[in-house]
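Please open the model in your viewer and keep the sequence panel beside it, since this tour moves from the whole chain to a few chosen side chains.

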Amino acid sequence: MILKSLQIITPFLLLLLLFITPFSFSLTTDGLALLALKAAITTDPTQVLASWADSDLTPCHWHGVTCINHRVISLILPNRSFTGYLPSELGLLDSLTRLTLSHNNFSKIIPSNLFNATSLRSLDLSHNSLSGPIPAEIKSLKALTHLDLSSNFLNGSLPEFLVEIESLTGTLNLSYNSFSGEIPESYGKLPVMVSLDLRHNNLTGKVPLVGSLVSQGPTAFAGNPGLCGFPLRTPCPEAINATSSETLENPENPKDSNPSFAAESDDKQKEKNGSVTVPLISGVSVVIGAVSISVWLFRKKWGSAEKGKMGKEENIGNNVDCIEEGQKGKFAIIDEGFNLELEDLLRASAYVVGKSRNGIVYKVVVGERGSGAVVPTVVAVRRLNEGDATWRFKEFESEVEAIGRLHHPNIVRLRAYYYANDEKLLISDFIRNGSLYTALHGGPSNTSPPLSWTARLKIAQGTARGLMYIHEYSPRKYVHGNLKSTKILLDDELQPYISSFGLVRLVSGTSKFTTAASKKQYLNQTIVTSAIGSKISTPSNFYLAPEARAFSSKFSQKCDVYSFGIILMELLTGQLPDAGPENDGKGLESLVRKVFREERPLSEIIDPALLSEVYAKKQVIAMFHIALNCTELDSEVRPRMRMVSESLDRIKLQ
């Protein structure tokens, strides 16, 4: 009887073992979690998941998957037209730092177990069909810096627990959803560097003028008909009533009660009185003032009636003595081809596109609304946060002139500046396609496919030429001092432009910005939103050369070379400079060097998007070697930028 039972049971046991063995003894736990995602996807029109097989030993060669030490750290599958839902098993990927599933058609709710993947730093689920509220478990993501849930069907009130994610310093994009209710005042506790986007929801009430919310532009709140108050142009009912009552109390001069509501007529009065009109992009001042036509500036009277009216001055050297102490503002044009007046900038539409400890950057569109211009002119205006610097006019003029004299196809061109004792603006070209950081690592405005090898080589070569020009332009041995992927901007043809040259000097006030940029200021920028057009956070310390990390040290051109080498590694691997947590926090440079030293396969570190471009293998290896030379610990061993540029130019496309 027992024997007969065993004869019946044995086939079932064998069958069970056949099913269990491939999973239990072959594929890793990470692989099983990813197979749960594959099973949850009902439509895969591009067959991108065809390579995901349960017979594999590891998922690390699967499309969209990046591993370090055989653990999945990145899953990037945007624009694949997937249909399905997000399985809870994704939360088992406890080494996952980046999850991007944007521009698909995932539906149902966001599973709360997803947030068991507590290593997540970047989560992008935008442009799907997800519904329901944001699970409270998201606050367990203590390393999260970038959260994009835009363009879904999420609803409920804006969750206050998002403020508890203290690491959230890059992006918080909840736009184009169905959130309702008021904006919590606690959102003012978000760091000022956070790029907040709450557009096109069903939010109501007054925008709280507290904390970092004060410095948000109107675009952060647009598309919510029920919202009112600054910086929107819709006044709240109580504000209208208050204005009416104040007018009745002061019938002889109603403008005195709230002058900024009558900006146009006030301008005429200011000309009559000889006052000066100055753009101030200060959050605190905005609270004191009321909403004016321009969303990013307000009007302030400077000095007495004898001081005259400020205007554009073509010759930078004129009228220096009358504004030596900053008693009058001065708008000066550096580039003769720049034909905008200060008044054009005052009347223009402006949008906050970047914030950092260096200041705020605005996209300013001149001639957007019925000014008669056929094509609007777009410029970038940076309002400087002076930090430790205290500039007299001649010193400031000298520094800005030095920056403005550098003309190169791969350097953002400075066009004009404004100087006053407590307000300094830099006006430059606006490069519209965002930064290299966004192109490589994603961001709220990035919907483009991954960069091809051809594009990456072009960006590397152009950036090298621009940096070489900075280094060789003057006997003063200029340095950039803050080079990283956020400072490399891209146009529509992916031509690179180095931005923020000279900015470290202007903000830090160190003795020579060309040779002694402030290391303290550099390290204070470990969290930055985009220079122009993209909004992110970057680990600046990993771009910094070893010899420059002591507080008493000064930057040299070889420090720039090191930073450029890290950027090359970013281009090649698609990873952040602080990648490699298993590497004792030594970052991307140490990881790449270790792979080459141990002669491990390059597929472990190369950007998965480049793996299909087999023809470029020799060129990729050549660039890796250039990057390793640039990041040598001994600065004397590092090549000069001319040699680096020439080496990159010798890499030819096949």
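Accessible areas here come from the Shrake-Rupley method with a 1.4 Å probe. With the whole chain selected, and bearing in mind that this is a predicted model, the exposed area comes to about 28,100 Å², of which carbon and sulfur atoms supply 54%. Buried residues make up 55% of the 654 residues in the chain.

Next, colour the chain by secondary structure, which comes to 15 helices and 24 strands. If you display contacts between residues at least 6 apart in sequence, 62% of them join residues at least 24 apart.

Now turn to the aromatic side chains, where the structure holds eight aromatic pairs. Select Phe 396 and Tyr 419 as one of these pairs: the ring centres are 5.3 Å apart and the planes stand at 45°, a value that is neither under 30 degrees nor over 60, so the pair counts as tilted. This pair links distant parts of the chain, because Phe 396 belongs to helix H7 (residues 393–404) and Tyr 419 to strand E21 (residues 414–420), with their positions 23 residues apart in the numbering. Are these two residues buried or exposed? Phe 396 has a relative accessibility of 0% and therefore counts as buried, and Tyr 419 is buried as well, its relative accessible area being 0%.

Then select Tyr 469, Tyr 473, Tyr 478 and Phe 501, which ring pairs link into a cluster.

Finish at Tyr 85, where Lys 108 lies over the face of the ring, at 4.8 Å from the ring centre.

Conventions
Residues numbered from 1 in each chain as written. Predicted model: local features only at pLDDT ≥ 70, side-chain atom pairs only at ≥ 80, totals over all residues. Heavy atoms only, no water. Phe/Tyr/Trp six-rings, centres within 6.5 Å; stacked < 30°, edge-to-face > 60°. Helix = DSSP H or I, 4+ residues; strand = E, 2+ residues; numbered from the N terminus. Buried < 20%, exposed > 50% of the residue type's maximum accessible area, 1.4 Å probe, protein only. Lys NZ or Arg CZ within 6 Å of the ring centre and 35° of its normal. Contact = heavy atoms within 4.5 Å.
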